[in-house]
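Student: I've got a structure to go through and lots of words I don't trust yet. Can we take them step by step?

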Amino acid sequence: AAISRMDLFMYENYDHVVRKELRKAHEYAWCRLGTAGTWLDAKTRAGIIEELRYSKDCSLCKLSKNSLSPNLVEGKHESLGILSNGMIEIIHRLRHDAARITEDWVNGVALKRVTDGEYVEIISVVATVLAIDGFNDTLGWPRPSLPTLQGGIPSKKRPINAKKQLAWVPTLNPSDIGVGEINPYEDVRGVHIHQALSLVPEEVIAFFKLDAAQYLHGTEVRDFKKEFRALTHQQIELLAGRVSAINQCVY
């Protein structure tokens, strides 16, 4: 589906602060959430935004986060009731305790509530929203309003050669892209981190467009002869490493 621009552009009052590339990337990513994905329709994708935001102060999640194991706490998540209980469970776990997600939880909980394609797309939507909301929260700016729903029908197209190999869900090796299929690796190298969302190729493309604007494009990461941001390579990696440690990102 075509992606229209927002009625009120993000950061319109902060043009002197937000570089153009980042503003465009955030606008594109946010507007895209109002369109149908591969497995989820536009209403569901917008619902994920609402439930993710509402999940911030969930009492059950706080108890679970502070417990020795998230499996020791029982109860019901606080939600708006927009989505299924299964989706709510996934959203809340991704939001509050992603570092303790296990293969047993993926197979025994997540994939008993949604399909593997839906699960991967939920992860992509959650990651996108957290990135953009986190940017605004850090600067004390208002979060963007929900994107305009543009409808569309999920294609439900699955890479024919996706299989379990690197992760707890099927992924697509660059050498296994079928004839006529979307190539999710045109702008990235196709290393393991790029393959993480590859069961849903469109989400790989969209996520790493956002990543390139917020971090560095893949070709820029190893170009140490030139600085592409106001921060140096070393400063960027120091921040990235510290944030990863705080968030218990064990990649």
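**Putting the labels to the test**

Tutor: Sure, let's begin with the cavity. Helix H1 (20-32), helix H6 (116-139) and helix H8 (201-214) each give at least two residues to the lining of the largest cavity. Keep in mind that this is a predicted model.

Student: Which helix supplies the largest share of that lining?

Tutor: That's H8, with four residues. The lining includes Glu203, Ala206, Phe207 and Leu210, along with Tyr28 and Ser124. By type, the lining splits into seven nonpolar, two polar and two charged residues. The space inside is about 80 Å³.

Student: What makes cysteine 58 and cysteine 61 fail the disulfide test?

Tutor: Their sulfurs are 3.7 Å apart, and a disulfide needs the pair within 2.5 Å. So that's too far for a bond. The whole structure holds zero disulfides.

Student: Why is cysteine 58 called buried?

Tutor: Buried means under 20% relative accessible area. Cysteine 58 has 0%, so it fits the label. Cysteine 61 has 5%, so cysteine 61 is buried as well.

Student: How do you know how confident the predictor is in the chain?

Tutor: Look at pLDDT, which runs from 0 to 100. The mean for the protein chain is 93, and 96% of its residues reach 70 or more. Over residues 1-8, though, the pLDDT is below 50. Among the elements, helix H2 (residues 42-54) has the highest mean, 98, and helix H9 (residues 218-221) the lowest, 89.

Notes:
Residues numbered from 1 in each chain as written. Predicted model: local features only at pLDDT ≥ 70, side-chain atom pairs only at ≥ 80, totals over all residues. Heavy atoms only, no water. 1 Å grid on protein atoms, 1.4 Å probe; cavity = no way out; pocket = protein on both sides within 12 Å on 5 of 7 lines; lining within 4 Å. Points joined across faces, edges and corners; volume = space filled by probe spheres on them. Nonpolar A, V, L, I, M, F, W, Y, C, P; charged D, E, K, R; others polar. Contact = heavy atoms within 4.5 Å. Buried < 20%, exposed > 50% of the residue type's maximum accessible area, 1.4 Å probe, protein only.
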